[in-house]
Amino acid sequence: MKLRWLSIISLPVLLLAFGGTGPGLASQVRQLTVQEVKATMDKAPSLREKGFVLVDVRTIEEHDRGAIPGTDLNIDYREIGKRHRELGAGLEDHIVVYCQSGKRSNIAADTLSDLGYKNVYNIRGSMNAWLQAGYPVSGGRR
């Protein structure tokens, strides 16, 4: 399945805005705000056509208490290295990960990047930021 970032946010703009994840910029993982993720999903024809794979890397129990609408998969960050093929994404496809605060999703994003995925994004602040922004959550197992 070939996924492309929606044309409403061009990749060069993202690269300039989010150039890296910290000192040294060793990681290829880019950071997105919840506002950017929400705006992209709001402009998509449907949540299935959002242009990226959205992965909750929290535990099953956390996921079942509420997730970002449009979440495609729930894979615990400790298992992402073994289960990354479940993403159904190619190395050039866009993958956005989140957890509760952003720490575990940064680890998962680095793991995916180390596996060769080129367009990996972490949602800065993750679920905490999503909830603080007042955005809706969906329940249920994915």
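1. Strand β4, residues 94-98, is largely enclosed by the rest of the structure, because five of its five residues are buried. The model is predicted. Cover comes on both faces of β4. His94, Val96 and Tyr98 are buried on one side. Ile95 and Val97 are buried on the other. The split follows a general pattern: side chains in a regular strand alternate between the two faces of the sheet.

2. What flanks β4 within the sheet? Strand β2, residues 53-56, runs parallel to β4 and is joined to it by four bridges. Strand β5, residues 119-123, also pairs with β4 in the parallel sense, over four bridges. Ile95 can be followed through both pairings. Val53 stands opposite Ile95 on the β2 side. Val120 in β5 stands opposite Ile95 as well.

3. The connection from β4 to β5 involves a helix. β4, helix α5 (residues 103-114) and β5 make a β-α-β unit. The unit is right-handed.

4. Now the packing around Ile95. Setting aside neighbours within four places in sequence, Ile95 is in contact with Val53 and Val55. The contact list also includes Leu87, Ala89 and Leu112. Tyr117, Asn119, Val120 and Tyr121 complete the list.

5. Ile95 is also among the residues with the most contacts inside the largest nonpolar core, which has 17 residues. The others in that group are Val55, Val57, Ile80, Leu87, Val97 and Leu112. β2, β4 and α5 each supply at least two residues of this core. Which element gives the largest share? That is α5, with three residues. A second core of 15 residues is separate, and includes Leu32, Phe52, Ile123 and Ala129.

6. The whole sheet is open and has five strands. Their order is β1-β5-β4-β2-β3, with parallel pairing. The edge strands are β1 (30-32) and β3 (73-74), each pairing on one side only. Pairing of this kind in a sheet runs through backbone hydrogen bonds.

7. β2 deserves a look of its own. Both of its faces are covered. Val53 and Val55 are buried on one side, Leu54 and Asp56 on the other. So which residues of β3 face β2? Leu73 is the bridge partner of Val55, and Asn74 stands opposite Asp56. The β2-β3 pairing is parallel and has two bridges.

8. Helix α2, residues 34-43, lies across three strands: β1, β2 and β5. Its angle to β1 is about 75°.

9. Some totals for the protein. There are six helices and five strands. From the N terminus, the elements run α-β-α-β-α-β-α-β-α-β-α. Of the 142 residues, 49% count as buried. The accessible surface comes to about 7100 Å², and carbon and sulfur atoms hold 53% of it.

10. How much of the contact set joins residues far along the chain? Taking contacts between residues at least 6 apart in sequence, 68% join residues at least 24 apart. Ile95 and Val53 show one pair in contact, and these two residues also stand opposite each other in the β2-β4 pairing.

Notes: Residues numbered from 1 in each chain as written. Predicted model: local features only at pLDDT ≥ 70, side-chain atom pairs only at ≥ 80, totals over all residues. Heavy atoms only, no water. Buried < 20%, exposed > 50% of the residue type's maximum accessible area, 1.4 Å probe, protein only. Pairing = 2+ DSSP bridges. Right-handed = clockwise from strand over helix to strand, strands pointing away. Core = buried A, V, L, I, M, F, W, Y, C linked by side-chain atoms within 4.5 Å. Contact = heavy atoms within 4.5 Å. Axes fitted to C-alpha atoms, helices over the stretch in contact; angles between N-to-C directions. Areas by Shrake-Rupley, 256 points an atom, 1.4 Å probe, with all protein chains shown as cover.
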